[in-house]
Every structure is written in structure tokens, then in C-alpha cells.
Amino acid sequence: MQKYTIYIGSRYEHLRKEIADIAKNGIPPSAEKIYEGRNALYRIKMGNVITVVKAFKLPGFINSRIYTTFRKSKAYRSYHNSKKMIALGFHVPEPIAYIEVRRGMRLMESYYICEEVKGKELRHWEEYPESVPMLPALADEIVKLHRAGVYHKDFSPGNILYTGSESTGYRFYFVDLNRMEFGVKSRKKLMSMFKSINLNTPEMVKLARLYAKAAGEDEETVVAE
């Protein structure tokens with residue numbers, strides 16, 4: 001027997017029918033697949049809202065029981081971590097809902113739903129003409145994350161979107177938030193977020209110097225870190 005957990009933010013109750021349909025029938029045929037890897041992302045219009053639905057890979061037998069008895073699901077964590085980020089003053093795609101489908105004591109399908117953000121990924125930022133004015137803003141944002149004790153375990157350029165321009169200012173949106181920790185004090189742990197943001201050493205050094213400037217720290221010390 002299947003059991004459905006459907007949690008919808010109060011602002012989005014008007015989308016309950018479409019969300020419940022995903023819980024019971026899966027991703028609709030009309031959905032546009034925009035990414036497929038370990039998990040899959042779909043663009044779906046619900047009412048007048050353009051949403052992104054993340055369908056998590058089915059967990060193995062052991063994990064499917066762990067997510068029922070000991071740990072919160074990735075869908076649950078994606079939603080509630082997004083809410084925490086907003087409360088701390090950071091930008092994320094607006095969280096809408098999460099879905100969990102269980103059979104007996106096993107978690108099967110799970111989904112996280114948010115509003116779409118029309119931003120640009122940071123991947124290969126060194127190739128972007130706007131990288132010169134954008135990088136100081138990114139460095140300042142990372143300093144703010146660290147001072148807030150936010151540790152993003154998947155801090156890769158594909159998980160950071162940005163909008164805006166040099167004249168209007170840049171805004172950064174963080175995605176893929178199911179693996180996060182809050183209230184982190186460890187400097188080493190927080191600085192380890194740099195290890196996956198860019199594999200281009202000169203660009204990393206450039207970002208490190210800008211981070212030091214934004215934080216009011218010694219550049220050479222931060223570069224060495």
C-alpha cells in the first residue's frame with residue numbers, strides 16, 4: 001500500500017491538484033526534461049507558475065528504509081534548507097513543495113518543487129565577458145555565507161546561478177540544497193567549499209584574493225589556504 005506525503009507552502013495551495021497528480025502518477029508527459037544525471041530536473045507549468053521539479057533517484061533497499069526511519073529525505077531537506085537560506089537572507093529558487101511516496105517502510109519516489117529562476121550558471125565563468133565585475137560580488141557573497149555559518153557540501157559552479165549586471169548589481173541563487181549544514185564554525189570546513197567551485201587554478205587564486213579583500217583578510221594567507 002502506498003502512502004503519500006505532500007507538503008505545500010501556503011502561497012502555493014492553489015497548485016495542490018497538479019502537485020498531487022505528480023505524487024500519484026509521476027512526472028507528466030508534457031514536462032520538459034532540462035537535466036538528467038543521478039537525478040532529473042523537469043520544467044513544468046502549473047497554473048501561472050513555471051516550476052522546476054527535481055525527481056530524485058530511487059534509493060537502494062537499505063537507504064529506502066533509512067529515509068523512513070532515521071534520516072529526512074532529500075526532498076524534505078531540499079525544501080527546508082531552502083527555507084533556512086531565505087531566513088538567513090540568501091537567495092534560492094522559491095520553494096513550493098516536496099513529495100514523498102512510500103511503500104510500507106520504504107521511501108520510493110520523492111520530488112522537490114520550486115519556482116524557476118532564469119539565471120546563468122557559474123560554470124566556466126572565466127569565459128564570460130562579465131566575469132571581471134561579477135567575481136568581486138561572488139567573493140562577497142561567499143564571505144557572507146561563511147560568516148552566517150552556511151556550509152554547502154555541493155558548492156559547484158553548476159549549483160550557483162546569477163542574475164543582473166555590473167550596472168544593476170548581481171544576485172546569486174543557490175540550488176541543490178539537500179546536503180547542507182548550518183551553524184558551522186570550522187574555518188577549514190567552510191573554506192573547503194572552494195575546492196569544487198572552479199578547477200582553473202588562476203581563477204581560484206583570483207577568487208581567493210577577492211574573498212580576502214571582501215573579508216578584510218591577508219590575501220597571501222587566504223590564497224595559501
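# A conversation about two sheets and the residues around them

Reader: Which strands make up the open sheet of six, and in what order do they come?

Author: The six strands of this open sheet follow the order β1-β5-β6-β4-β3-β2, and their pairing is antiparallel. Please keep in mind that this is a predicted model.

Reader: Which strands are at the edges there?

Author: The edges are β1, residues 2-8, and β2, residues 32-36. Each of these two strands pairs on one side only. From one strand to the next, the twist averages 20°.

Reader: What holds paired strands to each other in general?

Author: Strands of a sheet pair through backbone hydrogen bonds, and they may do so in a parallel or an antiparallel way.

Reader: How many bridges join β2 to β3?

Author: Four bridges join β2 to β3, the strand of residues 40-46, and the two run antiparallel. Within this pair, K33 stands opposite Y42, and Y35 has L41 as its bridge partner. A hairpin of three residues leads from β2 into β3.

Reader: And what about β3 and β4?

Author: Those two strands are joined by seven bridges and also run antiparallel. A40 stands opposite A55 in β4. The hairpin between β3 and β4 has two residues in between, and G47 in that turn has a positive phi of about 60°.

Reader: Which side chains of β3 are buried, and which are not?

Author: The side chains alternate along the strand. A40, Y42, I44 and M46 point to one face and are buried, whereas L41, R43 and K45 point to the other face and are not buried.

Reader: Which helices pack on this sheet?

Author: Helix α1, residues 16-25, packs on the sheet and touches β1, β3, β4 (49-55), β5 (95-103) and β6 (106-115). The direction of α1 makes about 150° with that of β1. Helix α3 packs on the sheet as well, touching β1, β5 and β6, and its direction makes about 160° with that of β5.

Reader: Let me change topic to S73. Where is it found?

Author: S73 is found in the loop between α2 (61-69) and α3 (74-87).

Reader: Is S73 buried or exposed, and why?

Author: S73 counts as buried because its relative accessibility is 1%, and the cut-off for buried is under 20%.

Reader: What does the side chain of S73 make a polar contact with?

Author: The side chain of S73 makes a polar contact with the side chain of E100, at 2.5 Å. In addition, a polar atom of the S73 side chain lies 3.0 Å from the backbone nitrogen of Y76.

Reader: Now the sheet of three strands, please. What is its order?

Author: Its order is β7-β9-β10, and it is an open sheet with antiparallel pairing. The edge strands are β7 (120-121) and β10 (169-174), each of which pairs on one side only.

Reader: How many bridges join β9 to β10?

Author: Six bridges join β9, residues 160-165, to β10, and these strands run antiparallel. Y162 stands opposite F172 in β10. Helix α4, residues 131-147, packs on this sheet, where it touches β9 and β10. The direction of α4 makes about 50° with that of β10.

Reader: Where is G119?

Author: G119 is found in the loop between β6 and β7. With a relative accessibility of 32%, G119 counts as partly exposed. Leaving aside residues up to four places away in sequence, G119 touches L161, Y162 and T163.

Reader: How far is G119 from L107?

Author: Their C-alpha atoms are separated by 32 Å, and the two residues are 12 apart along the chain.

Reader: Finally, the whole chain: how many helices and strands does it have?

Author: The secondary structure of the chain comes to seven helices and 11 strands. The radius of gyration is 19 Å, close to the 17 Å that the globule rule gives for 225 residues, so the chain is as compact as a globular protein of that length. Its C-alpha atoms fill a box of roughly 60 × 35 × 30 Å along the principal axes.

Reader: What share of the residues is buried?

Author: Buried residues make up 45% of the 225 residues. The accessible surface comes to about 12,100 Å², and 52% of that surface belongs to carbon and sulfur atoms.

Reader: And which share of the contacts joins residues at least 24 apart?

Author: Among contacts between residues at least 6 apart in sequence, 63% join residues at least 24 apart.

Conventions. Residues numbered from 1 in each chain as written. Predicted model: local features only at pLDDT ≥ 70, side-chain atom pairs only at ≥ 80, totals over all residues. Heavy atoms only, no water. Pairing = 2+ DSSP bridges. Contact = heavy atoms within 4.5 Å. Axes fitted to C-alpha atoms, helices over the stretch in contact; angles between N-to-C directions. Rg over C-alpha atoms; globule rule 2.2 N^0.38 Å. Buried < 20%, exposed > 50% of the residue type's maximum accessible area, 1.4 Å probe, protein only. Areas by Shrake-Rupley, 256 points an atom, 1.4 Å probe, with all protein chains shown as cover. Polar contact = N/O pair within 3.5 Å; in protein donor to acceptor, adjacent residues only side chain to side chain.
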